[in-house]
Amino acid sequence: MSNKIIAVHSYKGGTGKTLLSVNLAATFAKAGKKVCIFDLDFRAPSLFAILKTPSADFWLNDYLNNTCEIDKALVNLSSRIPGDGKFYACLANPSTEAIRDMSSKDRKWEMRALGRLLALRETLLKDNKFDYLFFDTSPGLQYSSINAIVAADFVVVATTGDRSDVDGTKRMLAELYNLFEKKTGLVLNKVLDASATAKKTEMQNKIKADYQVPMLGMVPCFCEILRAEGNLIFVQDKPDHPFTKILAEMARKIETNEVT
Amino acid sequence: MIRNEVSNKKPLNILEKIEESLERLNDKIEVMIEIQKSNGSSISNQKTSLALQDASLDVMTLLSMPDHLRKTAMAICRCSRATAEETSEQTKRARAVESAYLNQLVIMGYLKKERKGRKAYFYIDRETQS
């Protein structure tokens with residue numbers, strides 16, 4: 001099965017899921033693909049602020065609540081990425097009331113939400129000819145994140161060198177992704193001193209042996225990204241930056257199903 | 001001549017008696033089938049209503065399921081409605097195996113089953129389970 005729906009997940013917060021989601025989606029859009037990024041972090045929505053979208057009439061919350069169809073909740077941001085590609089976003093409602101509402105959903109609502117996420121394969125990929133859907137999830141074992149993982153073809157697992165994150169990620173790999181038989185690709189983010197090629201290879205081998213899963217990529221800690229404070233679609237605004245090249249390589253691996 | 005008539009009648013009588021007996025048996029079997037149908041449906045209704053009290057097929061339920069049933073349930077989640085044959089194409093297991101697991105999930109209240117002609121379709125009734 002090809003990787004058309006990609007969930008970006010992690011055990012802990014602050015691993016760079018949103019940065020990876022936005023920039024991977026933008027990388028595909030730059031390459032002429034029709035993509036949509038979904039903010040599934042209903043407890044701490046952030047895409048609204050990062051993408052600086054105009055206020056939306058409908059949100060992903062409304063689609064999952066079955067109060068609107070998906071086309072109403074999509075925001076067209078294609079003008080941000082010059083070229084033939086299409087870049088859409090489906091945002092989580094950042095209002096306190098909406099966050100409170102989403103935090104109090106019961107199991108049956110979550111079950112119907114899973115049905116609505118699974119239906120996107122038909123409505124967006126098949127009927128509306130989207131090439132890729134990206135689910136930016138909340139960290140850990142939240143219902144919304146597990147729903148996204150179940151609905152996805154491929155899970156990008158973001159992790160850092162932090163010990164608590166490493167242990168939690170290992171557990172999730174064994175007890176979550178494996179149980180759902182999901183294809184995964186690990187991204188080691190915020191790597192210090194990863195410039196030397198020899199060191200990079202050594203690190204990659206260690207990570208592969210440690211986690212026992214394929215590696216999608218390794219992202220060094222770039223000061224420029226920290227300085228941007230989440231205000232950029234980095235791969236668009238800095239086309240020659242090493243980060244952009246790393247993301248392009250990750251996109252290639254996802255597209256060709258070549259995560260080893 | 002008379003002997004011939006008697007001997008001709010005898011097999012005829014025997015056949016008529018056999019036919020009568022078969023008809024009576026047929027009636028009894030039909031009654032038994034009806035009784036079994038109504039008993040069966042009341043049992044399965046009982047089971048379903050008991051199971052449906054907490055039978056939403058959400059992701060946490062999927063996680064807590066035994067591996068063999070999770071695989072089947074995931075296949076139905078993906079296609080939303082499928083026969084045992086279609087499920088087996090996804091799971092790469094035998095049709096008879098999938099049929100058994102699907103029926104088990106129906107009894108547990110997680111799936112619904114609907115017959116259309118000779119085919120049985122299994123699906124998740126997300127609206128009724130709300």
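**Contacts and core in a predicted model**

In this predicted model, 14 residues of chain A are in contact with 13 residues of chain B.

Me: Which helix supplies the largest share of the side of chain A that touches chain B?
Reply: Two helices each supply at least two residues of that side, α6 (107-127) and α7 (143-151) of chain A. One of them gives eight residues, the largest share. That helix is α6(A).

Me: How many charged residues are on the side of chain A that touches chain B?
Reply: Split that side by class and you get eight nonpolar residues and two polar ones. The charged class is what's left to read off, and its count is four.

Me: Which helix gives the largest share of the largest nonpolar core?
Reply: That core has 95 residues, and A:Ile6, A:Ala25, A:Val35, A:Cys36, A:Leu133, A:Phe134 and A:Ala152 touch the most other members. Take A:Ile6: leaving out residues up to four places away in sequence, A:Ile6 touches A:Tyr132, A:Phe134, A:Ala152, A:Phe154, A:Val156 and A:Ile254. As for helices, the largest share of the core is eight residues, and they come from α1 (residues 17-30) of chain A.

Me: Is A:Ser55 buried or exposed?
Reply: A:Ser55 lies in the loop between α2 (47-50) and α3 (60-64) of chain A. A residue with 12 or fewer other C-beta atoms within 10 Å is exposed. A:Ser55 has 7 such neighbours, so A:Ser55 counts as exposed.

Me: What separates the C-alpha atoms of A:Ser55 and A:Lys105?
Reply: Along the chain, A:Ser55 and A:Lys105 are 50 residues apart. In space, their C-alpha atoms are separated by 24 Å.

Conventions. Residues numbered from 1 in each chain as written. Chains lettered and ligands numbered in written order. Predicted model: local features only at pLDDT ≥ 70, side-chain atom pairs only at ≥ 80, totals over all residues. Helix = DSSP H or I, 4+ residues; strand = E, 2+ residues; numbered from the N terminus. Buried ≥ 20, exposed ≤ 12 C-beta atoms within 10 Å, placed from the backbone. Core = buried A, V, L, I, M, F, W, Y, C linked by C-beta atoms within 7 Å. Contact = placed C-beta atoms within 7 Å. Nonpolar A, V, L, I, M, F, W, Y, C, P; charged D, E, K, R; others polar.
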